[in-house]
Amino acid sequence: PPPTMGDGLDAEGQQAAMDKIADANHPLSELLRKSIVAPFVLNIRSIKTPAGQSPARGVDAWFIAYGDWDTISSKEFLDGLAKRREQRSADGQLTKSGLLEEAALAKRKIEARAKEGQDERYFHATLSLFDKVEISGTRYALLTRKPDSFLTAATIDPRFNDDEEYPNYWRSMVRDLENPQKVTFGPRHVYTSAGFYGKVTKLAKPAGAIFLEYHLVFEEPQGWFKGANLLRSKLPLLMQEEVRNFRRKLVNASRGK
């Protein structure tokens, strides 16, 4: 979908945009509440695909955070969110993410370019989704800046499908009921059908308010959840944690911590 919050709107226009996502369960007054635990709006939808193909899903999320605009739009803050992280659990499962450095890109004859108002990035992540499937992917991302907003759009880059270090794949995972530390993985399947964009907009009022929206579309292979609708049952709690963590990071960064 197009961005909910357009560019160049005055305070009245911005409120009209926010009124479109507010409802009885998420009144605008609550969405605008200056609190780490203020509510957010989440929409999960199914997308029709050609016959015989895996179903596609759409996830849309909106929330408001408070902080310093120069901080949230700075390269230091944004790169900090995407900095390299790696963690291996007790069962040996690896979760990692981070931007690909220039050396890694040069090795693959790829150049991240920059021009006025835009930056290119390559981001890789390997993670477990609901303890049912492991997903690995390298995304090409483009950051576009405007005076009172910025937008990051990304899609999986098929040039990394068979990459030795940063491959694009999914595989099933089954945890042993008698020994939870033991995980059995299925064969790898190439995975490229996912893309998203996130837009961040400075609000005219109240002071310090920032509007964030996130729109994701992806293929959900039958082998992921065997037809079970885990997104609707598990994603809201996961999203709640992510929103609150982001708000905390922005508040701390805005205070210079």
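Which residues of helix H1 (residues 11-19) are buried? They are Gln14, Ala17 and Met18, where buried means under 20% relative accessible area, exposed over 50% and partly exposed in between, with a 1.4 Å probe and protein chains only.

## Ground rules

What you see is a predicted model, in which local features need pLDDT of at least 70 and side-chain atom pairs count only at pLDDT 80 or more, while totals for chains, interfaces and linings use all residues. Numbering runs from 1 along each chain as its sequence is written, and side-chain values use heavy atoms, with hydrogens and water left out.

## The chain as a whole

The protein chain holds seven helices and 13 strands. These are DSSP runs numbered from the N terminus, with helices (H or I) of at least four residues and strands (E) of at least two. Along the principal axes, the C-alpha atoms fill a box of roughly 55 × 45 × 40 Å. The radius of gyration is 19 Å, which agrees with the value near 18 Å for a compact globule of 257 residues; the radius is taken over C-alpha atoms, and the globule rule is 2.2 Å times the number of residues to the power 0.38.

Of the 257 residues, 41% are buried. Among contacts with a separation of 6 or more, 60% join residues 24 or more positions apart, a contact being heavy atoms within 4.5 Å. The chain exposes about 14,500 Å², and carbon and sulfur atoms supply 52% of that area; accessible areas come from the Shrake-Rupley method with a 1.4 Å probe, and for residues only the protein chains shown count as cover. As for charge, there are 39 positive and 34 negative side chains, and the centres of the two sets lie 3 Å apart. Here Lys and Arg count as positive and Asp and Glu as negative, while His and the chain ends are not counted. Each charge is placed at NZ of Lys, CZ of Arg, CG of Asp or CD of Glu.

## Helix H1 and its cover

Let us return to the opening helix. Its buried residues are Gln14, Ala17 and Met18. They cover an arc of only 95 degrees around the axis, so they sit on the same side of H1; the arc is that of the directions from the helix axis to the C-beta atoms. A general point helps here: an α-helix has 3.6 residues a turn, so residues three or four places apart point the same way. The cover over the buried residues of H1 includes helix H2 (28-31), strand E2 (56-66), E12 and E13.

Glutamine 14, a residue of H1, is buried with a relative accessible area of 6%. Leaving aside neighbours within four places in sequence, glutamine 14 is in contact with Met5, Leu9, Thr201, Lys202, Leu203 and Ala204. One of these partners, leucine 203, is 189 residues apart from glutamine 14 along the chain, yet their C-alpha atoms are separated by 7.2 Å.

## Two buried threonines

Threonine 201 belongs to strand E12 and is buried at 3% relative accessibility. Setting aside neighbours within four places in sequence, threonine 201 touches Met5, Gln14, Trp69, Asp148, Ser149, Ile210 and Phe211.

Threonine 71 lies in helix H3 (residues 69-72) and is buried, with a relative accessible area of 15%. Beyond neighbours within four places in sequence, its contacts are Phe77, Ala253 and Ser254.

## Backbone details in the loops

Now for some backbone geometry worth a look. The peptide bond from lysine 205 to proline 206 is cis, with omega near -5 degrees. Proline 206 lies in the loop between strand E12 (194-202) and strand E13 (209-219).

Phenylalanine 130 sits in the loop between strand E6 (118-129) and strand E7 (133-146). Its phi is near 55 degrees, a positive value in a residue other than glycine, and phenylalanine 130 is buried at 15% relative accessible area. Aspartate 131, also in the loop between E6 and E7, has a positive phi of about 60 degrees although it is not a glycine. Aspartate 131 is partly exposed, at 33% relative accessibility.

## Alanine 112

Alanine 112 is in the loop between helix H5 (102-107) and strand E5 (114-115). At 36% relative accessibility, alanine 112 is partly exposed. Not counting residues up to four places away in sequence, alanine 112 touches Leu105, Glu120 and Tyr122. The C-alpha atoms of alanine 112 and proline 55 are separated by 32 Å, with their positions 57 residues apart along the chain.
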